[in-house]
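Let's take a walk through this fold together, from its strands to its interior. Please have the sequence and the model open side by side.

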Amino acid sequence: DSTSSRALVVMDRHSGSVKWTLKARYGFIHNAITASEKILFCLDKLPPTLEKRLLRRGRQTPSDYRLLALDIETGRVLWEKNSGVFGSWLSYSQERDRLLQATRPSRDMLTDETGERMAVYAASNGALVWDRPIKYNNPPILRHDEIITDNAAYKLATGERKLSVDPLTGDQM
C-alpha cells in the first residue's frame with residue numbers, strides 16, 4: 001500500500017547523514033507522522049484499505065499496533081501506546097501539548113475511510129485525555145483550543161462540541 005512506509009529514516013539536514021532508522025511492524029502511515037521540535041509521533045499499523053481487505057477475507061486485524069513518541073535526535077522510544085490504536089491521522093498542538101489521533105476521511109482521497117472517532121493524548125507523556133465517537137467527513141484541523149471538522153468544532157480539552165453565538169440572532173449555534 002503506497003499510503004505507508006516500511007521504515008522511518010531521520011537524517012541530519014546539513015550533512016545528509018542518517019541519524020537513525022526504525023523499521024515498521026506493519027507500516028508508518030504517511031498522514032500519521034507529525035513532530036514537535038524534539039519528538040516525532042507516528043502510527044505503526046496497517047492502512048484502512050488493507051484492514052478492510054483482511055476483514056472481507058474473514059481474518060482479524062493485528063492486535064499489536066503502535067502509537068509511538070520518539071526522540072527526534074536519537075530515535076529512542078519516549079512512550080508507546082499499544083491499545084486504542086485505530087487512526088490514520090495524527091496532528092500535534094505544541095501550544096496545548098496535545099496529540100490528536102483520528103481517521104482521515106476526505107472526498108479527494110481513498111473513499112473507504114470514514115470519520116467516526118477521535119482520541120487526544122498529552123503529547124509529553126502519552127496519557128489519554130479523552131477518546132470518543134465523533135462523526136466527520138474531512139481531516140480534523142487543530143486550532144488553538146479546538147478541533148475543526150467540516151461540520152462542527154470540538155473542544156480539544158474534552159472532545160465536547162463547541163458552540164458559538166450567531167452574531168445576528170444571538171443564538172448558540
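In which sense do strand 1 and strand 2 pair, and over how many bridges? Strand 1 (residues 4-11) and strand 2 (residues 18-35) run antiparallel, joined by seven bridges. Before going on, please note that this is a predicted model, in which local features need pLDDT of at least 70 and side-chain atom pairs count only at pLDDT 80 or more, while totals for chains, interfaces and linings use all residues. Residues are numbered from 1 along each chain as its sequence is written, and side-chain values use heavy atoms, with hydrogens and water left out. Helices (H or I, at least four residues) and strands (E, at least two) are DSSP runs, numbered from the N terminus, and two strands pair if DSSP finds at least two bridges between them.

Within the pairing of strands 1 and 2, look for Ser-4, which faces Ile-29 in strand 2. The two strands make a hairpin with six residues between them, and Gly-16 in the turn has a positive phi of about 80 degrees. Strand 2 also pairs with strand 3, again in the antiparallel sense, over four bridges. Here Ile-33 stands opposite Cys-42, and three residues separate the strands of this hairpin.

Strand 3 also leads us to the aromatic residues. The structure holds four aromatic pairs (ring centres of Phe, Tyr and Trp, the last by its six-membered ring, within 6.5 Å; planes under 30 degrees apart are stacked, over 60 edge-to-face and the rest tilted). One of them joins Phe-41 and Trp-79 in a tilted arrangement, 6.2 Å centre to centre with 45 degrees between the planes. This pair links distant parts of the chain, as Phe-41 sits in strand 3 (residues 39-44) and Trp-79 in strand 5 (residues 77-81), 38 residues apart. Both residues are buried (under 20% relative accessible area; exposed is over 50%, partly exposed in between; 1.4 Å probe, protein chains only). Together with Tyr-92 and Tyr-121, Phe-41 and Trp-79 form one aromatic cluster.

Phe-41 and Trp-79 reappear in the largest nonpolar core (buried Ala, Val, Leu, Ile, Met, Phe, Trp, Tyr and Cys residues joined through side-chain atoms within 4.5 Å). Of its 18 residues, Phe-41, Leu-43, Leu-67, Trp-79, Leu-90 and Leu-99 touch the most other members. Strand 3 gives the most to this core, with three residues. Apart from it lies another core, of 13 residues, including Leu-100 and Tyr-154.
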